[in-house]
Amino acid sequence: MNAQRTRSTAITGIGVIAPNGQRTDSYWKSVKEGVSVLDRITREGCGHLPLRVAGEVRGFDPSALIEENFLVQTDRFSHFAMAAASVALDDAGLSSIADSPYSVGVVTAAGSGGGEFGQRELQKLWGQGSRFVGPYQSIAWFYAASTGQISIRSGFRGPCGVVASDEAGGLDAVAHAARTVRRGIDVVVAGAAEAPLAPYSMVCQLGYPELSTVEDPARAYRPFTSAACGFVPAEGGAVLVVEDEERARRRDAVVRATVAGHAATFTGASCWDRSREGLAHAVRGALDEAGCAPEEIDVVFADAMGVPEADRAEALALADALGPHGTRVPVTAPKTGIGRSYCGAPLLDIAAAVMAMEHGQIPPTPNVFDICHEIDLVTSTARPAELRTALVLSRGLMGSNAALVLRRGPGAAA
């Protein structure tokens, strides 16, 4: 490891498991075309709950992707993460690291943890007795499980960690990975995936006033409109390979993007009026770390909470942080077509932002057309544009705010 020079951090691999695509290319195709896959929830045991609409990852077969010995000790959220990590490593050309296991670390973010596994084991406890509870109950639900299982499965022995900082932790995990690389580790696998649609997990979410209970999938999640009525949850997420850029170039890897800047703040649970100041401060901090002027931002991937007060705060935060450019810069929120997968949502936005810069296309915001805020929200169809720098935003229900600046990789379309 060479920690003497200032290291630039590159994204060299992307793996996606999302409601609209279980491969990175299918995810991008759906996002670019503005396809909405929000639908009525079909998971068993959820039909009587007031939450009717979500973004489900349907047709996901973990047994086709993950070895049985890992499946039996892990929850669905870790299945998503392990599957996405495998795709990301293949994309980066790092399927085998047998010669340097200590040079690769792992960091993930998680919010809901392994609710489905935990519910199943609790049902055994109360229905059959303690002798029927499996030994993995103690670890499968744990928010750090995905980090551990990715590292064990791949044989990584570098620094590992988990970020528990609300939904914005998805961005914080990538920033943590980038800083770990700058400190001397060659590669960090970073990401987040969630599986919050088991009955137990859904009941836990019903206390969120921001949750949409609208039954029409086309109207359940419509941020930045006069009809905004909250958000709908989703499964899935994404995993990235974050790597020392010089090392990536030496091995002829494709540098898909670079992580240029990040900042995070905290403004309190559901204090959406205060999130204006906190989000603006995070944006300024990310721009400062990136050495980026406001007018250099070519596209913003919005948090898009779908709550009127939160949407207004986000629009004003862009104006506060970016000045006049804040009302002119194109803004998009592809998540309105798939739902918010909590910590996984900003990772999916990063994946979309990287591919948007690569293809010179700003994806639209599905189901949204009557904008009531001063932002240039891209709707209906993708907008061609030269994209060199993207800003990704995220806020959490408990009060975290984060901003991440990405720069286009050298191989992207000009």
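This is a short tour of one predicted model, stop by stop.

Because the model is predicted, local features need pLDDT of at least 70 and side-chain atom pairs count only at pLDDT 80 or more, while totals for chains, interfaces and linings use all residues. Residues are numbered from 1 along each chain as its sequence is written, and side-chain values use heavy atoms, with hydrogens and water left out.

**Stop 1: the sheet**

Start with the strands (DSSP runs of E, at least two residues; helices are runs of H or I, at least four; both are numbered from the N terminus). An open sheet is formed by 11 strands in the order β5-β4-β6-β7-β1-β8-β15-β14-β9-β10-β12, with mixed pairing. Two strands pair if DSSP finds at least two bridges between them. Select 160-163 and 376-377: these are the edge strands β5 and β12, each pairing on one side only.

**Stop 2: strand β6**

Select residues 187-194, which are strand β6. On one side, β6 pairs with strand β7 (residues 236-244) in the antiparallel sense over 8 bridges. Here E194 has G236 of β7 as its bridge partner, and G191 stands opposite V239. Strand β4 (residues 104-109) also pairs with β6, in the parallel sense over 6 bridges; G105 has V188 as its bridge partner.

In a regular strand the side chains alternate between the two faces of the sheet. From β6, V187, V189, G191 and A193 point one way, and V188, A190, A192 and E194 point the other way. How many of the residues of β6 are buried? The count is 8 of 8 (buried means under 20% relative accessible area, exposed over 50%, partly exposed in between, with a 1.4 Å probe and protein chains only).

**Stop 3: V181**

Now select V181, in helix α7 (residues 169-182). At 0% relative accessibility, V181 counts as buried. Add R7 to the selection: V181 and R7 are 174 residues apart in sequence but 7.4 Å apart in space, C-alpha to C-alpha. Leaving aside neighbours within four places in sequence, V181 is in contact (heavy atoms within 4.5 Å) with residues including R7, V188 and V242.

**Stop 4: helix α10**

Select residues 272-290, which are helix α10. Its 19 residues should span 27 Å at 1.5 Å a residue (the expected span is 1.5 Å times one less than the number of residues). The end C-alpha atoms of α10 are 26 Å apart, which agrees. Among the buried residues of α10 are W272, L279 and V283. The buried residues pack against β8 (257-266), α11, β14 and β15 (400-408). Just after α10, G291 takes a positive phi of about 60°.

**Stop 5: helices α1 and α12**

Finish with residues 24-32 (α1) and 344-359 (α12), whose axes come within 10 Å and cross at roughly 80°. Axes are lines fitted to C-alpha atoms, for helices over the stretch in contact, and angles run from 0 to 180 degrees between N-to-C directions. That angle makes α1 roughly perpendicular to α12 (65 to 115 degrees; under 35 is roughly parallel, over 145 roughly antiparallel, the rest oblique). On α1, the contact is made by T24, Y27, W28 and V31; on α12, the residues include L348, D349 and M355.

Which part of α12 is buried? The answer is 15 of its 16 residues, so α12 is largely enclosed by the rest of the structure. Just after α12, G360 takes a positive phi of about 65°.
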